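Colleague: Please take a close look at a single part of this model and describe how it packs.

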Amino acid sequence: MASKVLVTGGAGYIGSHTVVELQNNGFEVVIVDNLSNSNIDVLNRIQKITGKRPIFENFDLCDTEKIKLFFKKHNDIKAVIHFAAFKAVGESVSNPLKYYNNNLVSLVNLLQAMNENNISNLVFSSSCTVYGQPDELPVTEQSPIKEATCPYGYTKQVSEQVLKDSTSAYKFFKAIALRYFNPIGAHDSALIGELPLGVPNNLVPFITQTALGLRKQLSVFGDDYNTPDGTCIRDYIHVVDLAKSHVIAIQRLLKNNNINDFEFFNIGTGKGNSVLEVINTFERVTAQKLNYKITNRREGDIEQVYADTKYANFELGWKAEKTLEEALLSAWNWEKYYRNNLSNKE
Ligand code: NAD
Ligand code: WQD
């Protein structure tokens, strides 16, 4: 029988790609999402890709009563992947309580409900943001957790601490935190992808929207950093590679082969690319000319960060396979498909 996996935030960007990979690997998926940053129509498109429509429940994970009712109704869940959270760095600075409330209350509620229902297995969406600006590159899982640069970053640090304490106190609990570097790109079908509300904060959606004429000009935030071309360096990982790491993490938890109670892994490519390299690669693979200019640094940006992925490669048996070229082309194909076919319907 297929194991049933709860995917919170499964209608969102990374969640929807993970639901596709889970279903393709024979898991039965139940999504819980309050659609605060996503659209119900994604379910139709997941169905188009996989031939199967995931079960969907619309409610807010901060609502304790609704979570209780949910687990009563779905009493055969074997594992949970917890994506649901707010993620806009700037908004977390201007409205920290919104972030501490949503990101921490939803996690604690979920863990309490899992505890009451004897569900042991959790995969959690963490972030390279927990490392801040690391002293040494590439950053390993043993690199120290630095002071976060924003309330959003603190919610990820505190969430990991909550998992560490809970897995140590409640012996049957096991959790894996995946520390994503910079997820970009979209499914090859171009049916699902990243869909920021309003003006994008992140580089790649800003690039694709500028290339399509939705934004006048891309600002490159600073070219006076201590890097080869002066622009910041990040580890950009294709969202499909990232989604696959969740399937492996779930399989690992379900196999229960004496793993530590709480594990955490870097999920990146291991390679750093500068902002200008991303722009040049995008222009090359899409044959589009981007209108961009160099502006001042963005406050809070760190100079460079990229992952040491050896531990994930060895211990999980997972490795990023797709190139930056593939990721940028898929992001472009999704942007075009969405604007031409979907944006007027949603
Ligand atoms: P997303 O906003 O596309 O998806 C999150 C989903 O969760 C949305 O569909 C939203 O409606 C839902 N949601 C939020 N709060 C909820 C609540 N209280 N109850 C029910 N549903 C709720 O974001 P994403 O990019 O897919 O990110 C998924 C996870 O990965 C988040 O935890 C995020 O912090 C983490 N992460 C993202 C990135 C990134 O750059 N995208 C990087 C590192 C970590
Ligand atoms: C990438 C690079 C910018 C936009 C954020 C979060 C992090 C994680 C991933 C969740 C930087 C530059 C960007 C633009 C630019 N999310 N840039 N012009 O800041 O590395 O990480 O998302 O956990 O926590 O902080 O991603 O895509 O915003 O920026 O020049 O219009 O692109 O300065 O160097 P970032 P990003």
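Modeller: What follows concerns helix 3 and then the nonpolar cores.

This is a predicted model, in which local features need pLDDT of at least 70, side-chain atom pairs count only at pLDDT 80 or more, and totals for chains, interfaces and linings use all residues. Residues are numbered from 1 along each chain as its sequence is written, chains are lettered from A and ligands numbered from 1 in the order in which they are written, and side-chain values use heavy atoms, with hydrogens and water left out.

Helix 3 spans residues 64-73, and its residues I67, F70 and F71 are buried (under 20% relative accessible area; exposed is over 50%, partly exposed in between, with a 1.4 Å probe and protein chains only). Helices here are DSSP runs of H or I with at least four residues, strands are runs of E with at least two, and both are numbered from the N terminus. Because I67, F70 and F71 cover an arc of only 90° around the axis, they lie on the same side of helix 3; the arc is that of the directions from the helix axis to the C-beta atoms. The face turned away from that buried side carries the exposed residues E65, L69, K72 and K73.

The buried residues of helix 3 pack against strand 1 (4-8), strand 2 (28-32), strand 3 (55-57), strand 4 (77-82) and helix 5 (96-116), where contact means heavy atoms within 4.5 Å.

As for the cores, the largest nonpolar one has 37 residues, and L22, L178 and I267 have the most contacts inside it. Helix 8 (residues 239-255) gives the largest share of this core, 7 residues. Apart from it lies another core, of 23 residues, among them V32, L111, M114 and I119. A nonpolar core is a set of buried Ala, Val, Leu, Ile, Met, Phe, Trp, Tyr and Cys residues joined through side-chain atoms within 4.5 Å.
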